[in-house]
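Please open the model in a viewer and keep the sequence panel beside it. The tour below proposes a series of selections and describes what is found at each one.

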Amino acid sequence: MSINLRSSGCSSPISATLEKRLEAVDQTRANNVSFEQTKDKIRKMLDKVELSVSAYDTSWVAMVPSPTSQNAPLFPQCVKWLLEYQHEDGSWGLDNHDHQSLKKDVLSSTLASILALKKWGTGERQINKGLQFIELNSASVTDETIQKPAGFDIIFPGMIEYARDLNLAIPLGSEVVDAMIRKRDLDLKCDSERFSKGREAYLAYVLEGTRNLKDWDLIVKYQRKNGSLFDSPAITAAAFTQFGNDGCLRYLCSLLQKFEAAVPTVYPFDQYARLSLIVTLESLGIDRDFKTEIKSILDETYRYWLRGDEEICLELATCALAFRLLLAHGYDVSYDPLKPFAEESGFSDTLEGYVKNTFSVLELFKAAQSYPHESALKKQCSWTKQYLEMELSNWLKTSVRDKYLKKEVEDALAFPSYASLERSDHRRKLLNGCVFSAVENTRVTKTSYRLHNICSSGILKLAVDDFNFCQSIHREEMERLDRWIVENRLQELKFARQKLAYCYFSGAATLFSPELSDARISWAKGGVLTTVVDDFFDVGGSKEELENLIHLVEKWDLNGVPEYRSEHVEIIFSVLRDTILETGEKAFIYQGRSVTHQIVKIVWLDLLKSMLREAEWSSDKSTPSLEDYMENAYISFALGPIVLPATYLIGPPLPEKIVDSHQYKKLYKLVSTMGRLLNDIQGFKRESAEGKLNAVSLHMKHERDNSSKEEIIESMKALAERKREELHKLILEEKGSAVPRECKEAFLKMSKVLNLFYRKDDGFTSHDLMSLVKSVIYEPVTLQEESLT
């Protein structure tokens, strides 16, 4: 085989070329001043967590008496804050708190604030206004359609009892109050008969409402190294007031040194808030602008993870989130901290399990999906999925916040990570954010709070601008590819399926960044050409034409005059040759060496020979063994010309020894074998009717165990799933990995494409995905300004 090689060049021109390309992209975006200003704000969010202050928790801290005088507050600045920050309607709580779903939370915060002022004999005017607010909204206390803060049925009647001790009448009606207290007492009695670790934790968690709980030994096991209980100012303040614990005092003093007068509802919370912001940026497709900041946060999180820091390991949602992110970014993390939750019983033994925290289950589900080949996490994935499905079937909650959580659960179940393409996910998240942006960063535990770092209107606007900017580039590239089809006369090949939209979509929805244009174009052209060649070998060409095409590629004589058996061969070889040379020239810029010979031999020649072998089996009516079929079929599945050249164009250097390595070849074989199995399962009926070879039909012919067709298909689905898991594991492994992570992820992206295309049927052959294609490439995202306020 004669190959025209370019001489190797030095690395500096390569870097300069790439830099110019990236600078051009950055400059286009930098021209938008607001774009850059928003990015600066997000960098500050990543650096400094902003959590809304909590009137509820500030009230409990304000009620703490001085150790030297029970008649004076230890933190008078908290009392002063309550006097100054009452809302016009007489309530305390979040600003813009008037949504119906927050009524019980606002009533709870207002009652706690009234108690704090009454205890210290101050703020008579504010107390009266607060009591008026409670009276006007008294119906909300017993309205079961309104979301309850965690522990409301214990804490609220407990505060009413405390009000009686202070000779303060709460305007709710004696019948309502007595009913609440009876229900509270009954709940506590029932709990005492149903011993569990989750129940124990819950009793400590609602300490403010269980004023008769006198056993410190039941509480101390939940005290953290920083002295707090559950990192909660309110619980810690109530515990110190009852038990005078030095650790609680130390925590409260450190809290007020940091926040001066008004405290948040949970502290510390930095790790969860920062990790959540990273997830938000990634889910909207704008994380690439903050890689340095994200790397710094994840490095810090990894250090905390290794030393078992309480802020990560004792917070279930934070632990699951940290595991998922660290794993995805190449950190060597053990799943040991999540092992207790392999079974639902482990979750039930936690506070989150006792209060049925759907959000924590959702995080556990996502974490389990990220590492599915471990048996413990497979179990975790199974029960969390069933749990979430059950929650959806029984979903009766009506708050906007609950509607957002419901949508998150629905999307997690409907769009599993292994079959979701990034750009489709980004668009869906953007449209959801448009609807729910006003409440997405409002969360309710024992009281409501806002994470200002998560999904602000600025982040949404930035993501919308970026999505539409990238989409405009994608449309331009599609126009170029349309012209390429015509210029190379591919539309004249009537036997060939016209699948440019799908081929480009699979690249644009995964390799969407502007700087990945070369990889995206190569991916799309590879998809188009493999479709053409596949159809040529199936129905379009004679044996002589097929052999002629293989001979031309094998000879690869760029100086001589080719001898074509037909016009079809001429069209196909001409476009193959030009595309291979074009890809080789672009790859030279990235790699600093010629890779054309590898693209010719390893990618295209091997593919054509495998297709010829299948054509010969069909024409001879021969029946290969299943092993022989699969060893040939993973190559004839034709992912080579799509994925392999793209890995040269993603960025990192790929020396020949890496391309020839066992790991690189295994990545290719795993994703191709999985794809072939999925294709044969979904295409079994059609291909059998056409007389084409298929793994299902071969399995049935060679089957000796009398398995049914359905059983054979199920076994093949299980095999495809094992290949996917093995591929995922190989991609995540960092120790001893020769292939750069960015290049490995190209195989992961193709795996997602295949699982999406073949999830219900042969998506590549059908037209069911066209609406998805249009939404990613042609339909800009638009947001109404009022939806972002």
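**Stop 1: helix α5**

Begin by selecting residues 103–119, which form helix α5. At 1.5 Å a residue, the 17 residues of this helix should span 24 Å, and its end C-alpha atoms are indeed 24 Å apart, so the expected and computed values agree. Please bear in mind that this is a predicted model. Is helix α5 mostly covered, or mostly open? It is mostly covered, since 15 of its 17 residues count as buried, a term used for residues under 20% relative accessible area. Just after α5, select Gly121, where phi is positive, at about 60 degrees.

**Stop 2: the whole chain**

Now zoom out and display the entire protein chain as a cartoon. Its secondary structure comes to 37 helices and four strands. The chain has 789 residues, and buried residues make up 57% of them. Among contacts with a separation of 6 or more, 74% join residues 24 or more positions apart.

**Stop 3: Phe152**

Select Phe152, which is placed in helix α7, residues 152–165. Because its relative accessibility is 3%, Phe152 counts as buried. Which residues surround it, leaving aside neighbours within four places in sequence? Phe152 is in contact with Lys104, Ser108, Val141, Pro157 and Met180. Next, add Gly209 to the selection: its C-alpha atom is separated from that of Phe152 by 8.7 Å, although the two residues are 57 residues apart along the chain.

**Stop 4: the largest nonpolar core**

Show the side chains of Leu490, Phe537, Leu549, Ile572, Trp604, Phe747 and Met750. These residues have the most contacts inside the largest nonpolar core, which has 108 residues. Which helix gives the most to this core? It is helix α28, residues 596–620, with 11 residues. Apart from this core lies another, of 72 residues, which includes Leu46, Val266, Phe269 and Leu732.

Return to Phe537 and display its surroundings. Leaving aside neighbours within four places in sequence, Phe537 is in contact with Leu546, Leu549, Ile550, Leu608, Met611, Leu612 and Ala615.

**Stop 5: helices α25 and α26**

Select residues 517–540 for α25 and residues 543–555 for α26. How far apart are the axes of these two helices? They are 9 Å apart, and the helices pack at an angle of about 150 degrees. Angles over 145 degrees count as roughly antiparallel, and therefore α25 is roughly antiparallel to α26. The crossing of the two helices is left-handed. To see where they touch, show Phe536, Phe537 and Gly540 of α25 together with Glu545, Leu546, Leu549 and Ile550 of α26, which make the contact.

**Stop 6: the loops on either side of α24**

Select Thr510, in the loop between α24 (500–508) and α25. Its relative accessibility is 2%, so Thr510 counts as buried. Beyond its neighbours within four places in sequence, Thr510 is in contact with Leu421, Glu422, Lys749 and Val753.

Move next to the loop between α23 (457–487) and α24, where Asn488 is placed. Asn488 counts as buried because its relative accessibility is 18%. Leaving aside neighbours within four places in sequence, Asn488 is in contact with Ile571, Val575 and Asp578. Arg489 lies in the loop between α23 and α24 as well. Is Arg489 buried, partly exposed or exposed? With a relative accessible area of 28%, Arg489 is partly exposed.

**Stop 7: backbone exceptions**

The last stop concerns the backbone. Most residues other than glycine have a negative phi, and most peptide bonds are trans. Keep Arg489 selected: its phi is near 60 degrees, a positive value in a residue other than glycine. Then select Lys356, whose phi is also positive, near 55 degrees. Lys356 is found in the loop between α18 (351–354) and α19 (358–369). Lys356 is exposed, because its relative accessible area is 55%.

Finally, select Tyr267 and Pro268. The peptide bond from Tyr267 to Pro268 is cis, with omega near 0 degrees. Pro268 lies in the loop between α12 (246–259) and α13 (270–284).

Key. Residues numbered from 1 in each chain as written. Predicted model: local features only at pLDDT ≥ 70, side-chain atom pairs only at ≥ 80, totals over all residues. Heavy atoms only, no water. Core = buried A, V, L, I, M, F, W, Y, C linked by side-chain atoms within 4.5 Å. Buried < 20%, exposed > 50% of the residue type's maximum accessible area, 1.4 Å probe, protein only. Contact = heavy atoms within 4.5 Å. Expected span 1.5 Å × (residues − 1). Axes fitted to C-alpha atoms, helices over the stretch in contact; angles between N-to-C directions. Parallel < 35°, antiparallel > 145°, perpendicular 65-115°, else oblique. Left-handed = near helix turned anticlockwise from the far one by under 90°.
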